[in-house]
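Hi there,

Here is the structure I promised to pass on. Have a look at it, and then read my notes below.

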Amino acid sequence: MSWFEWWGRFTSRNKWLVLGACIVALAGVILSSRAFSGTFATEFSLPGSESQRARDLLRERFPERGGDPATLVFQSDAGIADPAVRTRIEAILAEAAGYDGVGDVASPYDQAEAVSADGKTAFATIRYAEAPDEAADALTSLVERSTGEGLVVEAGGIIVEDSEQHGPGASELVGVSAAAVILLIAFGSLVAMGVPILAALFSLSAAIALLGILARYIGLTDFTPQFAAMIGLGVGIDYCLLVITRFREGLHNDLSVEDAVATAMNTAGRSVVFAGSVVVIAMLGLTVMGIPFVGGLGIAGATVVVTSVLAALTLLPAILSIAGRRVDALAIPFLRSRETGHSESGWYRLSQAIQRRPVWFIAGASGFLLVLAIPLLDIETNFTDAGNNAPETHSRRAYDILTAGFGPGFNGPLVIAVDLRGGAPGDLVGLRTAIEATAGVSSVSEPQLNPQGDTAVLAAYPTTSPQDPGTDKLIHHLRGAVIPDATAATGLQAYVTGATAASIDVSNQINGRLPLFFAMVIGLSFLVLTLVFRSVVVPLTAAAMNLLSIGAAYGIIVAVFQWGWFAGPLDIQQTGPIEAFLPMMMFAMLFGLSMDYEVFLVSRIHEEYVKGASNAHAVALGLSTTARVITSAALIMIAVFGSFMLGGERVIKEFGLGLSVAILLDATIVRLLLVPAIMELLGDRNWWIPRQLDRILPRIDIEGSMSTQPSAAAATRDGGAA
């Protein structure tokens, strides 16, 4: 008896004990989180980068200039210098200066570069030593109260933008509601529908509590809970869906409740463990990127997946044992389904049709995915800015006013942090002159010194927008030539930072590490699948097909968000580059989730194959027995991820569209068409592995000991093949 079968029987016989232990464990984790939880960070760091060195220098010696600034923007047809307008603006600035966390407020009346050439637009910079949580709310309330009677006031900057990035709470409700409908159609029973959702919400609650504790020890960003919810809902329901499908199949084949639970654990339970392992590997692969906030998201994703697997192996079998045959209770007559009679199903006939012309289906499906991937060749990655936000947001309106009044570069100032300990304040004149004389620089502010006089800050305004390739070239030119030449004989140490420079540093880090990340995720996934299926062919074809579906999803994202196709119907306000971290994050999530479906499908095919079925018959049976659950699981994923398209934020829409499209393509084109066609074409070679490698690798039984003993038919088939 395998461990999985033993555990299934133990859980069935001690169902109330296991259920109670799960409830106690959840309560313990939640209470521990309340007592020991940390704080989710609102900013990220990039150790070793020039922008980070500048930020560290300012935080140490010039804390008033070390935090992210906010901007108040003013526009008046009467002119900023009009006495009545000036009185109102100065009153606004005085109120802002009294807010918590404000270090200083740079008035436009004290800096000529802060007033536009026509005198009708101006901006004030609000600098925080450390911005409190309510900083953005205070500013937006101030501008809403102050606008009117000939004066337009808006607020912008990172602090304001972050506050406008709403979490997907409503989207999650839509996703769960859609999942409930899909499960009801798949199972035809209200009880069977509710069990996976209950288990998934249970595991997600535990995961969120655990992440609160982890935030105390590792850097987790403030959108980690939303990221975890997106992964947890999809994965948690999917894993439970696989187990409950196998459980109901056992009941419909007249097994006892205990035997059905044991069989589900010994087969589907194993698949969940190994499928989850692949997702965890993909998520933890994000830690090699060398970017703390990215690594933190990877750890968070892995934590959510692990809790989902544990819930599917502990809580779910206990609930199924309690429900027993009542799992089909409250059935909807015209929706009622049974997991038997697969050889007569439409899925079985579809597989046979594909197997009759495998080359045609391989060429057609692959060609379709390659066509969808064509826009990927034109991808531009960067970080979007306030100019990509919805027109009704304060940050977007502030962005547009500044662009009209000063030019696009004023929305992405470069902050030059200067260490004066090796030089003298007088040396700043030459540095400022050199920067201002550089092509692509509109203006440079007067140097601001800290009270000790050992650190200075200048702001350089490019002539191009933050997303313009010219700004990227300018930053590299300043860092590589202009600043080193200007400071060579002075002893000054100057660093370029600011939101635009930091974004470029992150993009460069991501692009430099992507090949290593891809190779690690693909390599480790290949190893896991080789161990599971005792084949090198299955992992190779799985990796190739996953890359095809992911590439197609990337292509669609570029076509929609960069080229603007269907931008109107999808409520995308403005085209622009693809977020720099999106390809990396999507690859980790999609490669792992796609491998879930591969494990679900191929493990069932392999199970039939080792029982004695021919390769063609095993593929047809495997597809017919898993197509329903894979389709249902995919629809749930699409509903959960697609619900994020309802959000107003561009990056959320990117994730929602990319993930839902990729899952759709993977569950249809790849699993239902390409897999049967390729496995038919390869025949028994699907299960080929070099003898030396076969002897070295440990043996892992994914289908369960009851199904892995070769039957007489298998022995005859294998002998004949030999």
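Let me start at the beginning of the chain, where Met-1, Trp-3 and Trp-6 make a nonpolar surface patch of about 410 Å². Please keep in mind that this is a predicted model. Met-1 sits in the segment before α1, the helix that covers residues 3-13. With a relative accessible area of 66%, Met-1 is exposed, because the cut-off for that is over 50%.

Next, a residue with the opposite label. Ile-80 is found in the loop that runs between β1 (70-75) and α4 (83-97). Its relative accessibility is 2%, so Ile-80 counts as buried. What is Ile-80 in contact with, once its neighbours within four places in sequence are left aside? The partners are Phe-74, Val-85, Arg-86, Ile-89, Tyr-109, Gly-119, Lys-120, Thr-121 and Ala-122. If you would like a distance to try in your viewer, the C-alpha atoms of Ile-80 and Gly-301 are separated by 50 Å, and these two residues are 221 residues apart along the chain.

Arg-86, one of those contacts of Ile-80, leads on to the charged pairs. Side chains of opposite charge can pair when their charged atoms come close. How many salt bridges does the structure hold? The count is 19, and here are a few to look at:

- Arg-86 and Glu-90: their side chains meet in a salt bridge at 2.9 Å, N to O. Both residues lie in helix α4, four residues apart, or about one turn of the helix. Arg-86 is partly exposed, with a relative accessible area of 36%, and Glu-90 is partly exposed too, at 37%.
- Glu-249 and Arg-246: here the salt bridge is 3.9 Å, N to O. The two residues are three apart in helix α9 (residues 224-252), about one turn of the helix. Are they buried or exposed? Glu-249 is buried, and so is Arg-246.
- Arg-604 and Glu-608: this pair also forms a salt bridge, at 3.9 Å, N to O. Arg-604 and Glu-608 are separated by about one helical turn because they are four residues apart in helix α20 (residues 582-611). Both of them are buried.

Finally, there is a network to look up: salt bridges link Glu-5, Arg-9, Arg-13, Glu-258 and Asp-259.

Happy browsing, and do write back with any questions.

Best wishes

How values were computed
Residues numbered from 1 in each chain as written. Predicted model: local features only at pLDDT ≥ 70, side-chain atom pairs only at ≥ 80, totals over all residues. Heavy atoms only, no water. Buried < 20%, exposed > 50% of the residue type's maximum accessible area, 1.4 Å probe, protein only. Contact = heavy atoms within 4.5 Å. Patch = residues over 30% accessible without salt bridge, like charges linked within 9 Å, V, L, I, M, F, W, Y side chains within 5 Å. Areas by Shrake-Rupley, 256 points an atom, 1.4 Å probe, with all protein chains shown as cover. Salt bridge = Lys/Arg side-chain N within 4 Å of Asp/Glu carboxyl O.
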